[in-house]
Amino acid sequence: MDEAATQSLDAFLQRAPYVRFLGMRVELAGDEMTAILPFSRHLIGNPMLPALHGGAIGAFLELTALAQLAVADPGRRMPKTIDITVEYLRSGRAQDTYARAILRKVGRRVANVQVEAWQDSRAQPIAGLTGHFLMRNEG
Amino acid sequence: MAPHADALGLTLVSIEKGRGTMSAPWREEFVGDPETEVIASGVVTALIDHTCGLAINSAMGEMVPIATLDLRIDYLRPAAPRSGVTAEAHAYRLTRTVGFVRAEAWDADRNDLVATAQAAFMLNTRAQPLKG
């Protein structure tokens, strides 16, 4: 893991109160980023199963996309989300969740990003996201 | 109440058959971009997902276990700074296994939306649990 780069990216993300509310953090190996959503009771949607809230998973995937965009272009203002499509594949269990994003295209105005989240096995994702993000070029 | 809905402070505004309305308050800890003090889009996502589930449960007339299959959200504009968000969902078609829902979200004015959404839910997931 790249300690200095991870710390600087994490510091950038933790400036957003909502990232701290979810408890999300990131790890970097070169330009490969893994987002981590440690399990916490306040993320539960269905206490009977128990299962993570679909909204919390969707939010985590979206933030992973934004974090990966920050890796690609550090220092830029956080892009604005235009739209997201979340596909739920398996119920999110009461345990830590991981996610990785692929920047399919980063244009001057719009970025197309895909994200996948998993728990025990990366080959068995629990959810995926496709999203479009508006790049904010200063000045 | 689901712990996550509780943590977000979601409150029920109204419910009728096939329709539900819920609100998420603005709180410092929900801010996405500290420069603008606007509520994070993730909170809007969770609010919409939850309200869609409420609409389905009200359409079915009982609390049945459901699972989100797919959720598409268009973020039309950011909410106003330091403003909460309200969402209304309409479960407009239920089959034996799938529920289809549309939702809209706004901050101050019902006619000035911040987001629109379309979702599909699997119904009665207890009989067919989503297993890996």
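B:Arg82 sits in the loop between E5 and E6 of chain B. In this predicted model, B:Arg82 has a phi near 60°, a positive value in a residue other than glycine. B:Arg82 counts as partly exposed because 14 other C-beta atoms lie within 10 Å, while a residue needs 20 or more to be buried and 12 or fewer to be exposed. The strands on either side of this loop, E5(B) and E6(B), belong to an open sheet of 12 strands with members from chain A and chain B.

**Backbone features in loops**

- B:Glu37 also has a positive phi, about 60°, although it is not a glycine.
- The place of B:Glu37 is the loop between strand E3 (31-33) and strand E4 (38-39) of chain B.
- B:Glu37 has 15 C-beta neighbours inside 10 Å and therefore counts as partly exposed.
- In chain A, the peptide bond between A:Leu49 and A:Pro50 is cis, with omega about -15°.
- A:Pro50 belongs to the loop between E3 and strand E4 (51-52) of chain A.

**The sheet**

- Starting from chain A, the strand order is E1(A)-E2(A)-E6(A)-E7(A)-E8(A)-E5(A), and the order goes on through E5(B)-E8(B)-E7(B)-E6(B)-E2(B)-E1(B), with antiparallel pairing.
- Strand E1 (25-29) of chain A and strand E1 (11-16) of chain B are the edge strands, each pairing on one side only.
- From one strand to the next, the twist averages 20°.
- At the chain A edge, E1(A) runs antiparallel to strand E2 (residues 32-37) of chain A, and five bridges join the two.
- A:Ala29 has A:Glu32 in E2(A) as its bridge partner.
- Where the chains meet in the sheet, E5(A) and E5(B) run antiparallel and are joined by five bridges.
- Across this junction, A:Asp83 has B:Asp74 in E5(B) as its bridge partner.

**Contact between the chains**

- Chain A contributes 32 residues to the contact and chain B contributes 30 residues.
- On the side of chain A that touches chain B, at least two residues each come from helix H2 (17-22), strand E3 (44-46), helix H3 (54-72) and E5 of chain A.
- E5(A) supplies the largest share of that side, eight residues.
- By class, the side of chain A that touches chain B holds 15 nonpolar, 11 polar and six charged residues.

**Helix packing and the nonpolar core**

- Helix H2 (residues 41-60) of chain B lies across strands of both chains: strand E5 (80-88) of chain A, and E1, strand E2 (19-24), strand E5 (66-75), strand E6 (85-94), strand E7 (98-106) and strand E8 (113-123) of chain B.
- Helix H2 of chain B runs at about 40° to E6(B).
- The largest nonpolar core has 83 residues.
- The residues with the most contacts inside this core are A:Phe60, A:Leu61, B:Val43, B:Leu47 and B:Ile48.
- Apart from neighbours within four places in sequence, A:Phe60 is in contact with A:Leu22, A:Met24, A:Leu37, A:Thr97, A:Ala99 and A:Ala117.

**Chain B overall**

- Chain B has two helices and eight strands, and their pattern along the sequence is α-β-β-β-β-α-β-β-β-β.
- The radius of gyration of chain B is 15 Å, which agrees with the value near 14 Å for a compact globule of 132 residues.
- Taken along the principal axes, the C-alpha atoms of chain B fill a box of roughly 45 × 35 × 25 Å.
- Of the 132 residues of chain B, 45% count as buried.
- Contacts in chain B between residues at least 6 apart in sequence include 66% that join residues at least 24 apart.

**B:Arg19**

- B:Arg19 is part of strand E2 of chain B.
- B:Arg19 counts as partly exposed because it has 18 C-beta neighbours inside 10 Å.
- Leaving aside neighbours within four places in sequence, B:Arg19 is in contact with B:Ala55, B:Ser58, B:Glu88, B:Ala89 and B:His90.
- B:Arg19 and B:Arg82 are 63 residues apart along the chain, and their C-alpha atoms are separated by 27 Å.

Conventions
Residues numbered from 1 in each chain as written. Chains lettered and ligands numbered in written order. Predicted model: local features only at pLDDT ≥ 70, side-chain atom pairs only at ≥ 80, totals over all residues. Core = buried A, V, L, I, M, F, W, Y, C linked by C-beta atoms within 7 Å. Contact = placed C-beta atoms within 7 Å. Pairing = 2+ DSSP bridges. Helix = DSSP H or I, 4+ residues; strand = E, 2+ residues; numbered from the N terminus. Axes fitted to C-alpha atoms, helices over the stretch in contact; angles between N-to-C directions. Nonpolar A, V, L, I, M, F, W, Y, C, P; charged D, E, K, R; others polar. Rg over C-alpha atoms; globule rule 2.2 N^0.38 Å.
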